[in-house]
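Good morning, and thank you for making time for this presentation. I would ask everyone to look at the structure as I go through it.

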2 protein chains.
Amino acid sequence: MDTIDEAIIRCVVRDARATYAEIGKEAGLSPSAAKRRLDRLVKSGAIRGFTAIVDPQSLAWHTEAYVEIYCTGNPTPAELLKALEDIPEVVDACTVSGAADAMLHMLAADIPHLELAIQRVRATGPVDRTESVIVLSRLLSRPRIQV
Amino acid sequence: MDTIDEAIIRCVVRDARATYAEIGKEAGLSPSAAKRRLDRLVKSGAIRGFTAIVDPQSLAWHTEAYVEIYCTGNPTPAELLKALEDIPEVVDACTVSGAADAMLHMLAADIPHLELAIQRVRATGPVDRTESVIVLSRLLSRPRIQV
DNA sequence: ATTGAAAATCAACCCTT
DNA sequence: AAGGGTTGATTTTCAAT
């Protein structure tokens, strides 16, 4: 993780669909070298993936919930991730301390949609039961990826 | 915005670097038609952009917690906001249903820093007590534009 | 970093509704 | 008009060097 990697990350955070030529230009590398670096950053886990930023307004997803999930057995984080990554309503997921196994932040169009999405979560692999808290109003939200 | 657009969004949320052939396969379109649709979604603002998901561990502040706060009396959302906006460790805050008055998402450098920040939360205005859940590992995080 | 074959992009075009 | 398919020149990817 040096200044070149930082340049690559900055570029790809700004536009995940940038070509290797563009990334390389930003980092002072040839396209091939840029690809090797980026592949390495993904493989090492420094970059977890690439995603689209969807406008919640146009999807009209303004119902939020925090959902604690309790699992049967001892699922590994990898198993949990595999079960959750295909549910687009899950915008954040992490394993936590305490009684619950994981905490999810979910985003849905409305309460029926949220209920459906939570049912999908409950239906996946190791999930036993869930405990949800519905968001009534957002007080503040700070951007937290500064590159 | 129809079922085809939704399929495209689902695909590109999962992997922003997917090729048009992959996107089209998922949406039942030819690569060219997939490109036209995706370009339209970007142009219309439904998709704000594409970004890389950077591992929070590589960021300076990598200790996270979800904190439920319970208040004395009936504080208004505005009062809660006023009390919390000066604590930079609070990256998300919202009022919620259930026993708690609000749910905070907090980000700190380490456990001692987090403890200090939670103490500051507890010390502010209407806050009576807190109930914290420490994040052990992040499973996934989808960037989203907040409203 | 360069090379070159394979793949993807993208605009122009045509077809259907 | 609006939207999907097809074509082909250009650009990008990617493994070998």
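Let me begin with Ile23(B), which, leaving aside residues up to four places away in sequence, touches Ile8(B), Cys11(B), Val12(B), Ala18(B), Ala34(B) and Leu38(B), and also Arg17(A) from chain A. I should say at once that this is a predicted model.

Ile23(B) belongs to the largest nonpolar core, which has 36 residues. Ile23(B) is among the residues with the most contacts inside this core, together with Ile47(B) and Phe50(B), and with Ile23(A), Ile47(A) and Phe50(A). The elements that give two or more residues to this core are α1, α2, α3 and β1 of chain A, with α1 (3-14), α2 (20-27), α3 and β1 of chain B.

Let us take one of these elements, helix α1 of chain A. Does its length agree or disagree with what its residue count predicts? Helix α1, residues 3-14 of chain A, has 12 residues and should span 16 Å at 1.5 Å a residue; its end C-alpha atoms are 17 Å apart, and therefore the two values agree. The buried residues in α1(A) are Asp5(A), Ala7(A), Ile8(A), Ile9(A), Cys11(A), Val12(A) and Val13(A). As a general point, an α-helix has 3.6 residues a turn, so residues three or four places apart point the same way. What covers the buried residues of α1(A) includes α2 (20-27), α3 and β1 (47-54) of chain A, as well as β1 (47-54) of chain B.

I turn now to the DNA, starting with strand C. Which residues surround DNA strand C? From chain A they are Ser30(A), Ser32(A), Ala33(A) and Arg36(A), and from chain B they are Thr19(B), Tyr20(B), Ser32(B), Lys35(B) and Arg36(B). By class, this surface has two nonpolar, four polar and three charged residues. Of the atoms of DNA strand C within 4 Å of the protein, 53% belong to sugar or phosphate, and the rest belong to bases.

Both bases and backbone of strand C have polar atoms of the protein beside them. A polar side-chain atom of Ser32(A) lies 3.3 Å from a base oxygen of DNA strand C, and one of Ser32(B) lies 3.1 Å from a base nitrogen of that strand. At Tyr20(B), a polar backbone atom is 3.0 Å from a phosphate oxygen of DNA strand C. The elements that give two or more residues to the surface near this strand are α3 (31-44) of chain A and α3 (31-44) of chain B.

DNA strand D comes next. Here α2 and α3 of chain A and α3 of chain B each supply at least two residues of the nearby surface. Which element gives the largest share? That is α3(B), with four residues. By class, the surface near DNA strand D has four nonpolar, four polar and three charged residues. Sugar or phosphate accounts for 51% of the atoms of DNA strand D within 4 Å of the protein.

Ser32(A) has an N or O atom in its side chain 2.9 Å from a base nitrogen of DNA strand D. Phosphate oxygens of this strand lie 3.3 Å from a polar side-chain atom of Lys35(A) and 2.9 Å from a backbone N or O atom of Ser30(B).

I close with Thr95(B), in strand β3 (residues 90-96) of chain B. Is Thr95(B) buried or exposed? Thr95(B) counts as buried, because its relative accessibility is 10%, and the cut-off for burial is under 20%. Among the residues that Thr95(B) touches are Ile134(A), Val135(A) and Leu136(A) of chain A, and Leu80(B) of chain B.

Methods:
Residues are numbered from 1 along each chain as its sequence is written. Chains are lettered from A and ligands numbered from 1 in the order in which they are written. This is a predicted model: local features need pLDDT of at least 70, side-chain atom pairs count only at pLDDT 80 or more; totals for chains, interfaces and linings use all residues. Side-chain values use heavy atoms; hydrogens and water are left out. Buried means under 20% relative accessible area, exposed over 50%, partly exposed in between (1.4 Å probe, protein chains only). Contact means heavy atoms within 4.5 Å. A residue is near a molecule or strand if one of its heavy atoms lies within 4 Å of it. A polar contact is a pair of N or O atoms within 3.5 Å; within protein, one must be able to donate a hydrogen and the other to accept it, and residues adjacent in sequence count only if both atoms are side-chain atoms. Ala, Val, Leu, Ile, Met, Phe, Trp, Tyr, Cys and Pro count as nonpolar, Asp, Glu, Lys and Arg as charged, and the others, Gly among them, as polar. The expected span of a helix is 1.5 Å times one less than its number of residues. A nonpolar core is a set of buried Ala, Val, Leu, Ile, Met, Phe, Trp, Tyr and Cys residues joined through side-chain atoms within 4.5 Å.
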